[in-house]
Amino acid sequence: MKSVVIDPITRLEGHGKIHLFVNDDGSLANCYFQVPELRGFEQFCVGRPAEELPRITTRICGVCPDAHHMASAKAVDAVFGVTPTSASLKLRNLVYNAFYGGDHTTHFYALGGPDFVCGPDAPPAERNVLGVIAKVGVEVGKLVIAQRARGQRAIEIIGGKKVHPVTAVPGGMSKRVTKEEQAELIKIGEEMVEFAKFTIQVLNDIVLANKGYVDLILSDMFTHNTYSMGLVDANNKVNFYDGKVRVVDPNGKEHCKYEPKDYLAYVAEHVEPYSYLKYPFLKKVGWKGFVDGVESGVYKATPLSRLNASDGMATPLAQAEYERFYETLTGDKSGRKPVHQTLATHWARIVELMYACEATLAMAKDDEITSDKLVNKPERIVGEGIGIVEAPRGTLTHHYKTDDKGIITEANLIVGTTNNNAPITMSIQKAAAGLIKKGTKITDGILNRIEMAFRAYDPCFGCATHSLPGEMPLEVIVHDAETGEVVQNARQNC
């Protein structure tokens, strides 16, 4: 038996590796997905005043700062028992959709796109964002950068800073939008919608027009029949900021629909000894291991699962794309759901991109966003609060407990990627088993296809590692300062 290690996994936020064990006849014996970093941000929150957490937790990650800012603000609203003003809720929704407009663009063009634009077998030196630009042209590259800039500018206007927003406070927002800024936000929204239309055409021309890619998307080795989770509004339409968490089973039947404050009744977390990751599962179904099906509590929380868990999109162009998505992938014009092909997540992300851009424009036109009624002042301490939003990478939960002075005594975060740790592991194992057969010569292209199973989730491990079982591997080697010889070597758990 020999081992093959993909380390580091590329086009990933954070660090991860895939360890393949291959039999002497060339077939796959086993496969492990590992994340060799530990963050543990919950402990940093303990001892801090609750009202500081929306500003502290946004620093957890440079990829999802807006998601942490909003989930934290909602949790802190609950800690102080206060409901934000109508104007501030609209501002939070607006800035959050603008954030999505930039974030989903980054993954489609820079992280997931190279596998399709350059091809899964392209040399690694070309299979990246520069390779994409070489294929589609510098002008397209400029359009992508401009879209990213629009999202960051909207965050700066409403959130106070381009990367780590600071303006969501208990009971509302601390910064109003001027009439001049509203006009700029409307222009940003209009340009975002046009960019989303352009991106759909790119998807059509490069991915859907290529039969080989469509066959790859629909292939069994990139398919897992799991439960699907997503936040929905009162009409069961996809919503990134507010609503209830809805979960449907692998056949599309509603399993549960719950308020954020009730999440512990529905979600639990499993741990494995070889990883710092936690593996959330549906408590009422139970943890049955890394398997799919109705009897397994493994679920996905991704753009694809959000579409599966919803009854549609709340904006017209996104709704049209939502319908085309299901008609194309199921071959059924009745709107049959769900879709379980992991690589279809890239298309689902584009449906969401269109929704985010349309929502940004619609909300920017609402004159109430320029109101001075930004904060309902907190007047009591409830002592516990839970906030949930949809991060681009999955359902994000912040849960805080405080003492009677509002100082954090306990914090629990289930971040977007964490929800998907089990299905990511399963997707990698299934792709590896499907690609590495007896007599197979393992090429760079095969290894990249295994990464594609992982990359579709757009995982981010900057904030997704939380399990510390007290067995952290550590090796300390002391060298002589003059000779460089090893004087002492101490090891634990390695």
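Two strands count as paired if DSSP finds at least two bridges between them. Helices (H or I, at least four residues) and strands (E, at least two) are DSSP runs, numbered from the N terminus. The model is predicted: local features need pLDDT of at least 70, side-chain atom pairs count only at pLDDT 80 or more, and totals for chains, interfaces and linings use all residues. Residues are numbered from 1 along each chain as its sequence is written, and side-chain values use heavy atoms, with hydrogens and water left out.

**Exercise 1. Describe the sheet that contains β14, and find the bridge partner of Tyr400.**

Step 1. The strand order is β12-β13-β14 in an open sheet, and the pairing is antiparallel.

Step 2. β12 (384-391) and β14 (408-414) are the edge strands, each pairing on one side only.

Step 3. From one strand to the next the twist averages 10°. For such angles, axes are lines fitted to C-alpha atoms, for helices over the stretch in contact, and the values run from 0 to 180 degrees between N-to-C directions.

Step 4. Strand β13 (residues 394-402) is joined to β14 by six bridges. Tyr400 has Ala411 in β14 as its bridge partner.

Step 5. Helix α3 (residues 65-79) packs on this sheet and touches β12 and β13, at about 155° to the direction of β12.

**Exercise 2. Place Ala78 and list what it touches beyond its sequence neighbours.**

Step 1. Ala78 belongs to helix α3.

Step 2. Its relative accessible area is 30%, so Ala78 is partly exposed. The scale is: buried under 20%, exposed over 50%, partly exposed in between (1.4 Å probe, protein chains only).

Step 3. Contact means heavy atoms within 4.5 Å. With neighbours within four places in sequence left aside, Ala78 is in contact with Val382, Glu384, Gly385 and Ile386.

Step 4. By contrast, take Thr106: Ala78 and Thr106 are 28 residues apart in sequence and 32 Å apart in space, C-alpha to C-alpha.

**Exercise 3. Work out the layout of the sheet that holds β1, and say which helices lie across it.**

Step 1. β1, β2 and β3 form an open sheet in the order β1-β2-β3, with antiparallel pairing.

Step 2. β1 (2-6) and β3 (28-34) each have a single partner strand, so one side of each is left without a neighbour in the sheet. Neighbouring strands are turned by 15° against each other on average, direction ignored.

Step 3. Between β1 and strand β2 (residues 17-22) there are five bridges. Lys2 is partnered by Val22 in β2.

Step 4. Helix α13 (residues 421-435) lies across β2 and β3 and runs at about 150° to β3. Helix α14 (residues 444-455) lies across β1, β2 and β3, at about 55° to β1.

Step 5. The loop between β1 and β2 contains Pro8. The peptide bond from Asp7 to Pro8 is cis, with omega near 0°.

**Exercise 4. How do α4 and α7 pack, and which kinds of residue meet there?**

Step 1. Helix α4 (residues 86-117) and helix α7 (residues 179-208) pack at about 25°, with axes 11 Å apart.

Step 2. α4 and α7 are therefore roughly parallel to each other. The classes are: under 35 degrees roughly parallel, over 145 roughly antiparallel, 65 to 115 roughly perpendicular, and the rest oblique.

Step 3. The residues that meet include Leu94, Ala98 and Phe108 in α4, and Leu185, Met192 and Phe195 in α7.

Step 4. The residues of this contact divide into 14 nonpolar, three polar and no charged. Here Ala, Val, Leu, Ile, Met, Phe, Trp, Tyr, Cys and Pro count as nonpolar, Asp, Glu, Lys and Arg as charged, and the others, Gly among them, as polar.

**Exercise 5. Describe the hairpin of β7 and β8, then find which residue in the loop before β7 has a positive phi.**

Step 1. Strand β7 (residues 244-248) and strand β8 (residues 254-258) pair in the antiparallel sense over four bridges. Val247 stands opposite Cys256 in β8.

Step 2. The hairpin has five residues between its strands, and Gly252 in the turn has a positive phi of about 95°.

Step 3. Asn236 is in the loop between β6 (227-232) and β7. Its phi is near 65°, a positive value in a residue other than glycine.

Step 4. Asn236 counts as buried, at 11% relative accessibility.
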